[in-house]
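Morning, everyone. Please bring the model up on your screens. I'll talk you through some strands and some charged side chains.

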Amino acid sequence: MHGWLAVLVVVVLVALLAAAALIALPLRRRVLARDGGLFECSVRLKTATPGAGWVLGMARYNAEMLEWFRFFSYSTRPRASFLRNEVRVVNSREPDPVEAVALYAGQQVVELVEHVGSASGGQTWEIAMATDSLTGFLSWLEAAPPRPPGL
């Protein structure tokens, strides 16, 4: 009988840990939303294969920074950050059919370039967001203080 009790305790502990892990994701989203507007936003982290490398996530912008977080993560630290005065939009397009499978429905792909003097040194990023979110993002970018010449 002792053996069954130990198995039952282990099963209950595993179930509690699984429940805690599932509850933690929505709680994390709620915590992230406290510090700025949070919206669904995917980022293309790997560009070696055309149309692949997209990671689902959420982004928020505050006074001067856009922060991107992986959707399936417990971290409250952003995976990527973009300073408003160091980034500009160079292209916007519909996702191709291969990309559309990996993205949320109705998202637009936006190509961003960071200022050469930034920490990323002129890196190009592709992000995808819903049309409404894109409108808000572009307004946020346009409301930035004037950029230095050459950006």
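Start with strand S7, residues 107-114. How many of its eight residues are buried? Seven, so the strand is mostly covered, given that buried means under 20% relative accessible area. Keep in mind that this is a predicted model.

Now look at the neighbours of S7. On one hand there is S6. S6 and S7 pair in the antiparallel sense, over six bridges. Then there is S8. S7 and S8 also run antiparallel, joined by seven bridges.

Put your cursor on Val110. Which residue of S8 does Val110 stand opposite? Ile127. Val110 in S7 is also the bridge partner of Ser92.

Next, the charged side chains. The structure holds five salt bridges. I'll take you through some of them.

Begin with Glu126 and Arg44. Their side chains meet in a salt bridge, at 2.8 Å from N to O. Why does this pair tie together parts that are far along the chain from one another? Because Glu126 lies in strand S8, residues 124-130, while Arg44 lies in strand S1, residues 37-44. Those parts are 82 residues apart in sequence.

Are these two buried or exposed? Glu126 has 14% relative accessibility, so it counts as buried. Arg44 is buried as well, with a relative accessible area of 10%.

Stay on Glu126. The side chain of Glu126 also meets that of Arg93 in a salt bridge, this time at 3.0 Å, N to O. Again the pair links distant parts of the chain. Glu126 is in strand S8, and Arg93 is in strand S6, residues 87-93. They are 33 residues apart.

Arg93 has another partner. Which one? Glu99, in a salt bridge of 2.7 Å, N to O. Compare the accessibility of the two. Glu99 is buried, with a relative accessible area of 1%. Arg93 is partly exposed, with a relative accessible area of 24%.

Now put the pieces together. Salt bridges that share partners join Arg44, Arg93, Glu99 and Glu126 into one network. Trace it on your screen. Go from Arg44 to Glu126. Step from Glu126 to Arg93. Finish with Arg93 to Glu99.

One last look at the strands. S7 pairs with S6, and S7 is joined to S8. The salt bridge between Glu126 and Arg93 links S8 with S6. Thanks, that's my part.

Methods. Residues numbered from 1 in each chain as written. Predicted model: local features only at pLDDT ≥ 70, side-chain atom pairs only at ≥ 80, totals over all residues. Heavy atoms only, no water. Salt bridge = Lys/Arg side-chain N within 4 Å of Asp/Glu carboxyl O. Helix = DSSP H or I, 4+ residues; strand = E, 2+ residues; numbered from the N terminus. Buried < 20%, exposed > 50% of the residue type's maximum accessible area, 1.4 Å probe, protein only. Pairing = 2+ DSSP bridges.
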